[in-house]
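Morning, everyone. Please pull up the model on your screens, and I'll walk you through it.

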Amino acid sequence: MRKLLADLRMGRPVGGFIAGGLRAPVGVLVLGLLVAVAAELPAQGTQVPEVVSKMVSMGPDEARLTLELASGESMELTLSEGTVRMGDQVLGSYSPGDALDRAWRDLVAEVLTLEDEALLQALVDWTPPEGLDPEGSRVAERMDEFLALNFDSAAIQALALEAQQEAEALELALDGIRGLESLSILSRVQALSGLSEALEELGSRVQVVVDDDLEVDAGSELRTSLLVVDGTLEVRGTVRGDVLVVDGEVELQPGSRIVGTLSLADADLDNDGGEITGGVRHLDSPRADLESQIRAEVMRELRSEFDADRHRNDWGWTSPVLRVGRGFGRIFGTLFNVLILGLVGAALVHFASPNLEAVADVARNSTGRAAMVGFAGGVLALPVFILGIVGLAVTIIGIPAILLWVPLFPLAVLLAAITGYLAVARNLGAWLARQRYPYTEWVRVTNPVTLVFGGLLVLAAPYLGAHLLGMVGLLDPFSVLLKVSGVMFTVFAAAVGFGAVLLTRGGRKPEEWGTEMFTRGWRERRWGRGGDPEAEAFDAELAREESSTAEESVEADDGPAGEGESARSDAADDRAGDPNA
Amino acid sequence: MTAREIRMRSLVPGLLALAGLLLAFPEAGTAQELEQVSASRRVDDRAPMDVRVKYGVGRLQIRPGDADVLYRMDLRFDPEHFEPVVEYSSGRLELGTETRGRNLNIKGHQDGGELDLELSPNVPMDLVLEFGAVRATVDLGGMELTDLEISTGASESTVDFSRPTRGRVRTAELHVGAADFLAQNLGNLRAERLEVGAGVGEVTLDFGGEWTQDMRVDVSMGLGALELRVPEGVGVLLEKDTFLTSLEAEGLERDGSAYRSTNWGSARHRLTVDVDAAFGSIRVVRTR
């Protein structure tokens, strides 16, 4: 804190929260706007802050102090996970647990118990701890500055005084140029930012020429920066410094030199062979600069998008291997799903065959009704789940049952959906067996496991087709169509299956209501008595298997006898040929 | 608000707390590293404020503090599961904690977190307190309340009006989930009407304090025990619409479908209680 005050007394610039706005480069002389800002500062700065709200957050990795002032400003200083922050600005780093961390935590803990002047005094009295490394010391000093510049009334008064003096100096300097009505550029806000930068760059030694012309003769050398307002600068010799011309003209004669940057604000340049070492900068069209920057930025974005798009397309067209590889991957994925579901189906066939058959029967013979029930059940599952919880919660006996209800209800719905889906797959498998397509001989009506696998493959066929078509880039639309139809197919199958499970109470209770209408009676009306295609296929398959079994049996009876005879004759031959025999 | 709505609203915090319990998974043995947040704010002006305090799990204490300090809060919390809430804008103040994520071991946190809050008695407040699974001790004595709403989940809560509140309370509502709830010195609450909704648990309403006006209380209970402690000097009229609910009314005489204290006609202040309950018990105790 003492160092800070010494800096202020010596007039050295002070980095920190407020001081940044108090630097007064010579260029600011010209800008009435900046003068006004500077002149306003003392009035604000003399007010000692009034803390209306404080918040302290302390954790193993963080110690944060947030203060809100009566002016509405909020100030936050945080040491968190090795980083010191002032608001969003990073001040530096610290080591958790080091002297800085401990000192800060002590202060924050103290602040908790204090109010008003005592609180401010504690913040101002805080000094960086001893024994910090260079980085720690630098950060601690900045924290100290932050606290002083915001809460120390002495520092604030000193700053205010300095600002007051600067404002007075600015006023004096302005007197010389106040009458210039032609200085319309100063009212152009767009140009102000560029101008102020250019003015700051002129440095501390600057010669100002307003509403007049200036000549730098041949062979002479001007060792200062120049600000020419509403006048003509004619250079034959050398100017060692930056030049800013506002609303005027610059004429560079052959052999002339400007050792610095020439900035032009609403000014013209007539260069007949002069040299400008720092280049020429036009400040009078900041909007055009901005537009060109934006245009360039947009072009760059578009180009990068285009490049990325082209890159993606390149992969699509020029790398069929990638597409094919991806397609095969998806096909294997689908087949793996079929395998997993098929194994579940096999388990169901093994352990709960009657249930599966009952569900499959209703799914086959009451498809529409099962679908409606399935869709309704799917929609109502969530409300039923929630109502179940509410219903159980209002009774003492029910509350423990919620513990069972919450996990078991979704599980039961999932099991029902899978069982139903497999039952539908089993029906599709039976259909597939009846079609006698090539390579589907392994799907046999007499073997429910093959029916399930066959049906699952039928259900997966649209996806497999989509993946195959997806390997060819041109056929992407067809691939998407197939996928959509596959999803619809799957949803419908799941709904039918789920509905069938609900209608048969999980296959435990063959459907009773409407049996005549929807199952047996309907089947007989449609197919005629004994005309159920699945039953017929089953009978035919069974007959085929029985006949093939009978044929194999006959062959088996014949085969070993012949071989026996042959073996016996071979043995006789061996014995005949064997001298020992 | 109908009795059914009140009952359903009372059930909601309980169900939420229950759902939280169901989602909980054991974290036995994991030490909690608590963080601390302390915050305070001076009173800007005495304009009415909407104040909402929300606290999920732990111990909670609320009481009146310094007149010129709007709030002073000391919060200890587990940063893994909660985040502090300190929000102030003109006319509105929110304090407490919000839950991070869904998984929460309530049992493990009940003894860990703590919120100690002081509120200015000089600022008129529309006060909303929402507790989850907490042990709450709330003293609103001397506060200037314009409206009051207290919702508790699976908590043990004591709300005391140790001194008369200031100003007139337009609406006062207590929503109790699955909890033990004790409201003390309700006679100090300057409200003409009090609505109490309770889901499951024991609710005790103590009407001690300095009576300055008559009061009507509508109680809607799902399941549980309701005890009404009424000073002997206050006239009591109890009307009930109950199902399988026992009534033990000390010093009350039946008058048609209602029960009336013998001093109903002569009492300086009167308390009318309308109870809508199922599966529980009602007990009226006269206190000195």
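How many helices and strands does the secondary structure of chain A come to? There are 16 helices and 18 strands. Keep in mind that this is a predicted model.

Two more numbers for chain A. It has 581 residues, and 29% of them count as buried. Now take its contacts with a separation of 6 or more: 54% of them link residues 24 or more positions apart.

On to the interface. Chain B puts in 19 residues, and chain A puts in 16. Which elements of chain B each supply at least two residues to the side that touches chain A? Those are α1 (3-23), β1 (35-42), β4 (82-89) and β12 (215-231). The largest share comes from β1(B), with eight residues. By class, that side of chain B has ten nonpolar residues, four polar and five charged.

Stay with β1(B) for a moment. It is joined to strand β1 of chain A, residues 51-59, by six bridges. The two strands run antiparallel. To find the place on screen, look for A:Ser57, which stands opposite B:Val37.

Next, inside chain B. Find strand β6, residues 114-119. Which side chains of β6(B) point to the buried face? B:Leu115, B:Leu117 and B:Leu119 do, and these three are buried. B:Glu114, B:Asp116 and B:Glu118 point to the other face and are not buried. The general rule is that side chains in a regular strand alternate between the two faces of the sheet.

β6(B) has pairings with β2(B) and β3(B). Strand β2 of chain B, residues 49-64, pairs with β6(B) in the parallel sense over six bridges. There, B:Ile62 is the bridge partner of B:Leu117. Strand β3 of chain B, residues 69-77, also has six bridges to β6(B), but in the antiparallel sense. In that pairing, B:Asp74 stands opposite B:Asp116.

Back to chain A, and its sheets. One is an open sheet of five strands, in the order β6-β9-β12-β15-β18, with parallel pairing. Which strands are at its edges? They are β6 (206-210) and β18 (280-282), and each pairs on one side only. From one strand to the next, the twist averages 10 degrees. β6(A) meets strand β9, residues 225-229, over five bridges, in the parallel sense. A:Gln207 stands opposite A:Leu226 there.

Another open sheet has four strands, in the order β7-β10-β13-β16, again with parallel pairing. Its edges are β7 (214-216) and β16 (268-271). Each has a single partner strand, so one side of each lacks a neighbour in the sheet. The twist here averages 10 degrees from strand to strand. Inside this sheet, four bridges join β10(A), residues 232-235, to β13(A), residues 249-252. A:Leu233 has A:Val250 as its bridge partner.

Now a loop residue, A:Thr261. Where does A:Thr261 lie? It sits in the loop between β14 (257-258) and β15 (262-265) of chain A. A:Thr261 has 19 other C-beta atoms within 10 Å. Buried takes 20 or more, so A:Thr261 counts as partly exposed. Leaving out residues up to four places away in sequence, A:Thr261 touches A:Asp242, A:Gly278, A:Gly279 and A:Arg281. Its C-alpha atom is 7.5 Å from that of A:Gly241, 20 residues apart along the chain.

Compare A:Leu457, in helix α12 of chain A, residues 448-470. Why does A:Leu457 count as buried? Because 20 other C-beta atoms lie within 10 Å, and 20 is where buried begins. The C-alpha atoms of A:Leu457 and A:Leu335 are 8.1 Å apart, with their positions 122 residues apart along the chain.

Last stop, the packing of α12(A). Its partner here is helix α13 of chain A, residues 476-503. The angle is about 165 degrees, and the axes are 8 Å apart. That makes the two helices roughly antiparallel. The crossing is left-handed. On the α12(A) side, the contact includes A:Leu459, A:Pro462, A:Tyr463 and A:Leu469. On the α13(A) side, among the residues are A:Phe478, A:Leu482, A:Phe489 and A:Ala493. By class, the contact has nine nonpolar, six polar and two charged residues.

That's the tour. Questions, please.

Key:
Residues numbered from 1 in each chain as written. Chains lettered and ligands numbered in written order. Predicted model: local features only at pLDDT ≥ 70, side-chain atom pairs only at ≥ 80, totals over all residues. Buried ≥ 20, exposed ≤ 12 C-beta atoms within 10 Å, placed from the backbone. Contact = placed C-beta atoms within 7 Å. Nonpolar A, V, L, I, M, F, W, Y, C, P; charged D, E, K, R; others polar. Pairing = 2+ DSSP bridges. Axes fitted to C-alpha atoms, helices over the stretch in contact; angles between N-to-C directions. Parallel < 35°, antiparallel > 145°, perpendicular 65-115°, else oblique. Left-handed = near helix turned anticlockwise from the far one by under 90°.
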